[in-house]
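Colleague: I would like a close look at one part of this model. Please take the helix packing in the second chain, and set it in context with the contact between the chains.

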Amino acid sequence: MTAYDILRSEWGKFRSIRATLGCLAGALVTTAAYGYLFGLSSARQYLAGSAADQAAFDPTETGFRALVLAGVLVSAVGVLAVTSEYASGTMRVSVAAVPRRSLLLGGKAAVVAVVALVAGPPMALVSFTLSQISLAARNVPSAGLGDPGVLAAVAGAGLFTGLVGLYGVALGFLLRRSAGAVSLGTFLLILPGMAALFPDAIAEWIVVWWPSAAGARVFAVHPGPDGLAPLAGIGVLAATVLALLCAAAAVFRTRDV
Amino acid sequence: MILRVLRPERAAGGSGAGHRRTAHRDLTDSLPEREDGWASLLHMIEIRGLTKRYGDVTAVDGLSFDVRPGVVTGFLGPNGAGKTSTMRMVLGLDRPTSGSATIGGRRYADMPTPLREVGALLDAHAVHPYRSAVNHLLTLARSNGIGRGRVEEVLGLVGLADVAGRRPAGFSLGMKQRLGIAAALLGDPGVVLLDEPVNGLDPEGIRWIRGLTRDLAAEGRTILLSSHLMSEMALTADHLVVVGRGRLLADTGLDAFVRSAARETVVVRTPGARRLATLLEEAGATVRHGAGDELLVTGMSSAAVGDVAGAHGVVLHELTPRRASLEEPYLELTGDSADFASAAARPAARSESEAGAATTTASMTTSGAAR
């Protein structure tokens with residue numbers, strides 16, 4: 001039993017689950033639709049804004065917001081790759097075939113990570129392009145793919161979605177139930193969007209350090225003095241996901257299947 | 001223990017050691033080939049003091065038994081007796097609270113490619129509804145380095161070749177059982193565990209399983225087959241391991257079980273019941289008075305009862321030999337341990353076991369009532 005055998009086996013499983021493929025397709029549609037809508041909304045804000053606001057306008061900022069929403073679906077892909085096995089009872093069959101459970105978890109995680117990593121940049125490309133089109137259509141300043149830092153952000157989207165997919169895998173192993181893991185996963189991912197509900201001190205902390213917010217810094221083409229640097233931000237997300245994966249492996253190794 | 005392995009109960013011991021299982025070839029080749037099968041050492045399941053508690057519930061309670069190669073071992077017990085928990089621990093899915101379950105001296109979890117050594121069907125429903133039968137088997141095969149050719153082979157073997165590309169969502173339970181058995185046989189394993197494999201099968205399917213398991217055992221494999229139906233085991237198993245409430249109740253050859261069960265009762269109706277009873281007891285039989293002028297005689301054949309009556313001029317109105325079924329000693333054994341015995345059945349079962357082992361007469365009342 002080699003790692004290659006297990007990867008092939010897990011890839012076969014992944015491919016044959018419709019829900020995960022559906023989620024991936026949904027993520028692409030989300031980035032397209034919301035990329036365009038975020039562009040429209042930014043354009044309205046720009047046109048209604050003061051001269052100072054307009055001078056400070058960064059058209060790239062709106063280009064990747066849809067990726068955080070798509071991340072919800074990408075994390076669901078990771079969750080379902082695991083929980084579908086618990087729901088159908090095949091986890092027992094899988095563990096009987098691969099009793100080295102860390103290897104089994106590693107195989108699943110690797111497949112999800114690679115798929116999500118590859119899916120990220122096209123999503124970013126779609127989102128960015130449509131948002132800039134909707135900006136340009138209203139004669140609002142827009143950015144091009146060739147502008148400095150944009151392609152790096154597009155590539156960084158792969159890191160973001162890859163990590164978010166792994167986050168879903170970890171939650172799937174920890175909670176074992178699709179509904180529970182997807183809803184908790186979604187809630188934790190979009191928590192920074194609700195930061196305003198919290199007292200200021202907590203809200204500021206969430207906006208900077210909450211892993212999904214920190215990870216989204218990878219899309220910052222012009223990172224200002226506020227917030228983490230793109231690589232530091234994605235590093236926070238990566239460390240969190242790694243910790244969750246370790247917890248998932250520890251639980252999966254000791255728990256009865 | 002080693003002695004027992006060297007003398008398999010049925011002939012086929014190591015017939016296939018040389019040519020059959022490629023997965024073991026490297027191991028078996030290094031061992032001296034013997035008629036009685038050194039290789040079989042690799043395939044014995046040894047369960048020692050196995051205990052599993054789920055919270056307050058003790059599912060398996062200090063079980064110890066061996067499952068030997070070359071025979072079909074029936075793993076018998078009422079629902080909730082701990083059969084499935086035991087099998088899960090053998091497969092390393094559940095962690096024993098204490099004790100051990102090993103196969104050929106090794107833990108399942110330590111096997112590098114377990115599907116090539118042990119095949120198991122635990123739950124036929126454990127298939128992803130939208131993953132086709134062939135893909136289900138392919139994902140399993142790949143993880144253990146088994147080729148696509150073998151997948152097609154086992155699909156043919158279980159009669160699912162025509163529906164290989166279809167999704168199990170549309171399968172009947174019988175088809176899912178066959179798919180589960182295909183998965184169990186994927187690695188051509190020397191040890192096969194099947195949990196309630198005849199559930200949901202039609203009579204033809206049941207006969208197929210019976211033949212398949214007997215063939216697999218004849219090839220020298222170790223077969224553990226669980227069931228809660230004694231009647232099914234009587235037709236398939238060579239050896240019986242009976243459990244109830246997680247404890248071992250019997251570990252015996254089927255023949256011995258049948259012999260113990262086959263005690264005949266003779267029903268006699270006669271106007272001279274009291275006199276005949278005395279005469280029969282003097283002749284060494286055990287007699288119990290039934291309803292009215294009925295006598296229930298054990299320990300004597302119907303012919304001998306007739307002879308005694310004739311010799312003393314006792315008029316007989318009925319003389320009927322009645323053979324106990326295999327279910328009776330099984331129910332007697334497990335009656336007290338059935339988790340979900342009906343309220344009506346339980347007191348009867350209790351009184352039987354309280355009366356002791358040699359209560360053929362008591363079990364007659366049960367069977368009489370059942371008829």
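Modeller: Buried area is the accessible area, taken with a 1.4 Å probe, that two parts lose on being put together, summed over both. This is a predicted model. Between chain A and chain B, the buried area is about 2400 Å². Carbon and sulfur atoms give 53% of that area. Chain A brings 26 residues to the contact, and chain B brings 31 residues. Three residues stand out on the chain A side. Arg18(A), Arg92(A) and Asp256(A) supply 21% of the area that chain A buries against chain B, more than any other three residues.

A word on chain A itself. An unreviewed UniProt entry places the feature "transmembrane region" at six spans of chain A: residues 21–43, 63–82, 103–130, 150–175, 187–208 and 228–252. In the model, residues 21–43 of chain A are 100% helix and 0% strand. The end C-alpha atoms of that span lie 33 Å apart. Residues 63–82 of chain A are 90% helix and 0% strand, with end C-alpha atoms 31 Å apart.

Now the helices of chain B. Start with helix 4 of chain B, residues 133–143, and helix 5 of chain B, residues 148–157. Their axes come within 10 Å and cross at roughly 135 degrees. That angle makes helix 4 of chain B oblique to helix 5 of chain B, because it falls outside the ranges for roughly parallel, antiparallel and perpendicular. The crossing is right-handed. From helix 4 of chain B come Ala133(B), Val134(B), Leu137(B), Leu138(B) and Ala141(B). They meet Arg148(B), Val151(B), Val154(B) and Leu155(B) of helix 5 of chain B. By class, this contact has eight nonpolar, no polar and one charged residues.

Helix 4 of chain B also packs on helix 6 of chain B, residues 173–185. Here the angle is about 25 degrees, and the axes are 10 Å apart. Angles under 35 degrees count as roughly parallel, so helix 4 of chain B is roughly parallel to helix 6 of chain B. This crossing, too, is right-handed. Helix 4 of chain B contributes Ala133(B), His136(B), Leu137(B) and Leu140(B). Helix 6 of chain B contributes Leu179(B), Ala182(B) and Ala183(B). The classes are six nonpolar, one polar and no charged residues.

Helix 6 of chain B then leads on to helix 7 of chain B, residues 203–218. The two axes come within 12 Å and cross at roughly 10 degrees. That makes helix 6 of chain B roughly parallel to helix 7 of chain B. Arg178(B), Ile181(B) and Leu185(B) of helix 6 of chain B meet six residues of helix 7 of chain B: Glu204(B), Gly205(B), Trp208(B), Ile209(B), Leu212(B) and Leu216(B). This contact divides into six nonpolar, one polar and two charged residues.

Definitions and conventions. Residues are numbered from 1 along each chain as its sequence is written. Chains are lettered from A and ligands numbered from 1 in the order in which they are written. This is a predicted model: local features need pLDDT of at least 70, side-chain atom pairs count only at pLDDT 80 or more; totals for chains, interfaces and linings use all residues. Side-chain values use heavy atoms; hydrogens and water are left out. Axes are lines fitted to C-alpha atoms, for helices over the stretch in contact, and angles run from 0 to 180 degrees between N-to-C directions. Helices (H or I, at least four residues) and strands (E, at least two) are DSSP runs, numbered from the N terminus. Angles under 35 degrees count as roughly parallel, over 145 as roughly antiparallel, 65 to 115 as roughly perpendicular and the rest as oblique. A crossing is left-handed if the near helix is turned anticlockwise from the far one by less than a right angle, and right-handed if clockwise. Contact means heavy atoms within 4.5 Å. Ala, Val, Leu, Ile, Met, Phe, Trp, Tyr, Cys and Pro count as nonpolar, Asp, Glu, Lys and Arg as charged, and the others, Gly among them, as polar. UniProt positions are given in the numbering used here, feature names are shortened, and annotations may be inferred rather than shown by experiment.
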